[in-house]
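Thanks for coming. I will go through the sheets, one helix, some ring pairs and a single lysine, in that order. Please have a look at the slide.

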Amino acid sequence: MRTIRNDQARRYALGAQGFIEGRAGGRVDVRHFRKVIDQILLIQLDSVNVFTRAHYMPFFSRIGPYDRDVLDEWLWSSGEMFEYWGHMASLLPSDQHRLFRWRMNHDWQWNRAEKLIAEQPGYLEAVLDEVRAKGPLRTSHLDDPGEKGEGMWNWSNGKVALEMLFIQGKVTTAARPNFVRMYDVPERVIPPEHLNSPDLGHDEALAELLMLAAAAMGVATADDLADYYRIRTPAARPVLRRLVQSGDLEEVEVEGWDRPGYIHPEATLPRWAKGTALLSPFDSLIWYRPRVERLWGFHYRIEIYVPESKRVYGYYVLPFLYEGDLVARVDLKTDRRRNALQVKGAFAEPDIDKKKVGRALRKELELVAGWLELDDVVVDRNGDLHDHL
């Protein structure tokens, strides 16, 4: 088993995730979007919009400013992408539909859906028939959507039914105006050559997903690889062993890691660590927090669900990648009343050149504000980088 250094592991990760080549220098079009997807393979969705929608940022971080309307048109109208549970709710290439049918066909245990099925036999089937007849539609368009209770997750019967059908792959997302899911049957959304491609067995699908994860991560542990597509690690380990035995993956030792790493045979080691970008909390480079600490020594937790009095850095905190290293974090908010990007806090990692990092971060903040068509960047007096912004 060969040994690689941790700084080499970082370079493998940055190269695989598209941070080595630099951002697009001219007009950005669909070809750039496809290239990002070819590198990171899926985009996580999230409803929080205090700064900007999560799915916009991974593209910006890698290719720079672009027209978000053009991206949305491609994501939802080209037939090249579909939504499913990849890494949480995600947009995935349509040719990967076959890799998730084992998940769609799983015997899902969801108490809320089971209770609905027991109390109203035939309700799910009736909702599916309605989607076939009238889709695309949202929950409120159903003839009998039911009553929504208090609270974010206290869904109506119609929403529960549609979400269960979505998990089962019987309906999918046709569009998301204002981030509201519009449901339709897959045959009207996913191209037939992908929807009707041959099924894979469970282990065969897991092997392909783990190989894709390895290509997207550079070098990664079993836990890292399993998390990319939210596969259970106990299910991933025997598949990884077979992939090593067959020569499809290489097992390596990484200095400072307490477990082996796996490298894709086509992984390339960049000569230098590069990449400067603000990273969404939902960026695939930093999804798995133990991996972030292992690679960069950067302790990162999203604090959206932490009570305000207990937050360390803020509500919506983005790590700042500078020349291949995670050097700072900023709590951002789009102040729509003032049409400004508000920096609610800016914090440096230990032992960095704050003046140099502050200058680079300011440039990045101005770039992102311009991309979001905001008039100004407003920096609150919070954090040790304030004076350098």
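Strand 3 and strand 4, residues 88–93, are paired antiparallel, with 6 bridges between them. This is a predicted model, so please keep that in mind for everything I say. One of the bridges puts Met81 opposite Pro93 in strand 4. The two strands belong to an open sheet of 3 strands, in the order 2-4-3, with antiparallel pairing. At the edges of that sheet are strand 2, residues 43–44, and strand 3, residues 81–86, and each of these pairs on one side only. As a reminder, strands of a sheet pair through backbone hydrogen bonds, either parallel or antiparallel.

Next, the other open sheet on my list. Here 4 strands are arranged in the order 1-8-9-7, and the pairing is mixed. The edges are strand 1, residues 3–4, and strand 7, residues 219–220, each pairing on one side only. Strand 7 runs antiparallel to strand 9, and 2 bridges join them. Which residue of strand 9 is the bridge partner of Ala220? That is Tyr262.

Now to strand 13. Strand 12, residues 325–335, pairs with strand 13 in the antiparallel sense over 8 bridges. Asp331, for instance, has Gly345 in strand 13 as its bridge partner. These two strands form a hairpin with 4 residues between them, and in the turn Asn339 has a positive phi of about 50°. Strand 13 also pairs with strand 14, residues 376–379, this time in the parallel sense, over 4 bridges. There, Val343 has Val379 as its bridge partner in strand 14. Strand 13, helix 14 at residues 354–371, and strand 14 together make a right-handed β-α-β unit. Is strand 13 enclosed or open to solvent? Of its 9 residues, at 340–348, 8 are buried, so strand 13 is largely enclosed by the rest of the structure.

On to helix 12, residues 233–245. With 13 residues at 1.5 Å a residue, helix 12 should span 18 Å, and its end C-alpha atoms are 18 Å apart, so the two agree. Which residues of helix 12 are buried? They are Thr233, Ala236, Val239, Leu240 and Leu243. Looking down the axis of helix 12, these buried residues fall within an arc of 125°, so they line one face of the helix. What they pack against is helix 10, residues 202–217, helix 11, residues 222–228, and strand 9. So much for the buried side; the face turned away from it carries the exposed residues Pro234 and Gln245. After helix 12 comes Gly247, with a positive phi near 85°.

Now the aromatics. A search of the whole structure gives 16 aromatic pairs. I will show two of them. Phe33 and Trp74 form a tilted pair, 6.1 Å centre to centre, with 35° between the planes. This pair links distant parts of the chain: Phe33 is in helix 2, residues 30–40, and Trp74 is in helix 4, residues 68–77, 41 residues apart. Are these two rings buried or exposed? Phe33 has a relative accessible area of 1% and Trp74 one of 5%; the cut-off for buried is under 20%, so both count as buried. The second pair is Phe298 with Tyr300, also tilted, at 6.1 Å centre to centre and 40° between the planes. Phe298 and Tyr300 are both buried. Going back to Phe33 and Trp74, ring pairs link them with Phe59, Phe60, Tyr66 and Trp371 into a cluster.

Last, Lys274. Where does Lys274 sit? Its place is in the loop between strand 9, residues 261–263, and strand 10, residues 277–278. Lys274 has a relative accessible area of 37%; since partly exposed lies between 20% and 50%, Lys274 is partly exposed. Which residues does Lys274 contact, leaving aside its neighbours within four places in sequence? Those are Leu14, Phe19, Ile20, Glu323 and Gly324. By comparison, Gly201 is 73 residues from Lys274 along the chain, and their C-alpha atoms are separated by 39 Å.

That is all I have.

Terms used: Residues numbered from 1 in each chain as written. Predicted model: local features only at pLDDT ≥ 70, side-chain atom pairs only at ≥ 80, totals over all residues. Heavy atoms only, no water. Buried < 20%, exposed > 50% of the residue type's maximum accessible area, 1.4 Å probe, protein only. Contact = heavy atoms within 4.5 Å. Pairing = 2+ DSSP bridges. Expected span 1.5 Å × (residues − 1). Arc of directions from axis to C-beta. Right-handed = clockwise from strand over helix to strand, strands pointing away. Phe/Tyr/Trp six-rings, centres within 6.5 Å; stacked < 30°, edge-to-face > 60°.
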